[in-house]
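Please open the structure in your viewer and keep the sequence panel beside it. The tour proceeds from one selection to the next.

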Amino acid sequence: MLGELTASIAHEVNQPLAAIATNSAAGLRWLNRPTPDIAEIRKTIENIVVDTQRAANIVARVHGMASQKVPQQALLCFDAIVHE
């Protein structure tokens with residue numbers, strides 16, 4: 001059971017980390033163009049910020065589970081979940 005939990009956590013954390021790495025590489029490519037694409041770089045940095053927060057939220061939830069805190073209820077938007 002611990003192995004399954006570890007694999008699940010690793011998968012959840014790796015998704016935003018992979019997105020951060022991909023967006024960072026794309027941003028560097030756009031910066032290295034003869035005429036940098038500032039609009040694309042801005043969008044890329046915004047995506048990095050969102051993905052970083054996603055990873056931090058995952059770690060915080062895992063920490064909360066490990067410390068046996070009382071679960072917090074939250075309203076979720078199913079459209080956002082499906083889009084993600």
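A helix here is a DSSP run of H or I with at least four residues, and helices are numbered from the N terminus. The model on the screen is a predicted one.

**The whole chain**

Begin with the entire protein in a cartoon view. How many helices and strands does the protein have? There are 3 helices and 0 strands, and from the N terminus on the elements follow the order α-α-α. The radius of gyration is 17 Å, well over the 12 Å that the globule rule gives for 84 residues, so the protein is more spread out than a compact globule. Rotate the model to view its principal axes: along them the C-alpha trace spans about 55 × 30 × 20 Å.

Next, switch on the surface. The accessible surface of the protein amounts to about 7,000 Å², and carbon and sulfur atoms account for 63% of it. Of the 84 residues, 17% are buried. Then colour the charged side chains. The protein carries 7 positive and 8 negative side chains, and the centres of these two sets are 6 Å apart.

**Helix α1**

Select residues 2-31, which form helix α1. Within α1, pick Asn23. Is Asn23 buried or exposed? Its relative accessible area is 16%, and a residue is called buried under 20%, so Asn23 is buried. Display its surroundings: when residues up to four places away in sequence are set aside, Asn23 touches Thr44, Asn47, Ile48 and Asp51.

Remain in α1 and select Ile9. Ile9 has a relative accessibility of 24% and therefore counts as partly exposed, since that class lies between 20% and 50%. Use the distance tool from Ile9 to Thr35: these residues are 26 places apart along the chain, and their C-alpha atoms are separated by 40 Å.

**Helix α2**

Now select residues 38-66, the helix α2. Its 29 residues, at 1.5 Å a residue, should span 42 Å, and the C-alpha atoms at its ends are 42 Å apart, which agrees. Which residues of α2 are buried? They are Ile41, Thr44, Ile48, Asp51, Ala55, Ile58 and Gly64. Show their side chains together with α1, because the buried residues of α2 pack against α1.

Three of these residues deserve a closer view.

- Thr44 belongs to α2. Its relative accessibility is 4%, so Thr44 counts as buried. Apart from neighbours within four places in sequence, Thr44 is in contact with Asn23, Ser24, Gly27 and Trp30.
- Ile48 is also found in α2. With the neighbours within four places in sequence left aside, Ile48 is in contact with Ile20, Asn23 and Ser24. Draw a line from Ile48 to Ile20: although their positions lie 28 residues apart in the numbering of the chain, their C-alpha atoms are separated by 5.2 Å.
- Ile58 is placed in α2 as well. Its relative accessible area is 7%, so Ile58 is buried. Beyond the neighbours within four places in sequence, Ile58 is in contact with Glu12, Val13 and Pro16. Draw another line, from Ile58 to Glu40: these two are 18 residues apart along the chain, and their C-alpha atoms are separated by 27 Å.

**Leaving α2**

Finally, move just past α2 and select Gln68. What sign does its phi angle have? Gln68 takes a positive phi of about 60 degrees.

To end the tour, return to Asn23 and show Thr44 and Ile48 with it. Asn23 touches both of these residues, and they are among the buried residues of α2.

Conventions: Residues are numbered from 1 along each chain as its sequence is written. This is a predicted model: local features need pLDDT of at least 70, side-chain atom pairs count only at pLDDT 80 or more; totals for chains, interfaces and linings use all residues. Side-chain values use heavy atoms; hydrogens and water are left out. Helices (H or I, at least four residues) and strands (E, at least two) are DSSP runs, numbered from the N terminus. Buried means under 20% relative accessible area, exposed over 50%, partly exposed in between (1.4 Å probe, protein chains only). Contact means heavy atoms within 4.5 Å. The radius of gyration is taken over C-alpha atoms; the globule rule is 2.2 Å times the number of residues to the power 0.38. Accessible areas come from the Shrake-Rupley method with a 1.4 Å probe; for residues, only the protein chains shown count as cover. Lys and Arg count as positive and Asp and Glu as negative; His and the chain ends are not counted. The place of a charge is taken as NZ of Lys, CZ of Arg, CG of Asp or CD of Glu. The expected span of a helix is 1.5 Å times one less than its number of residues.
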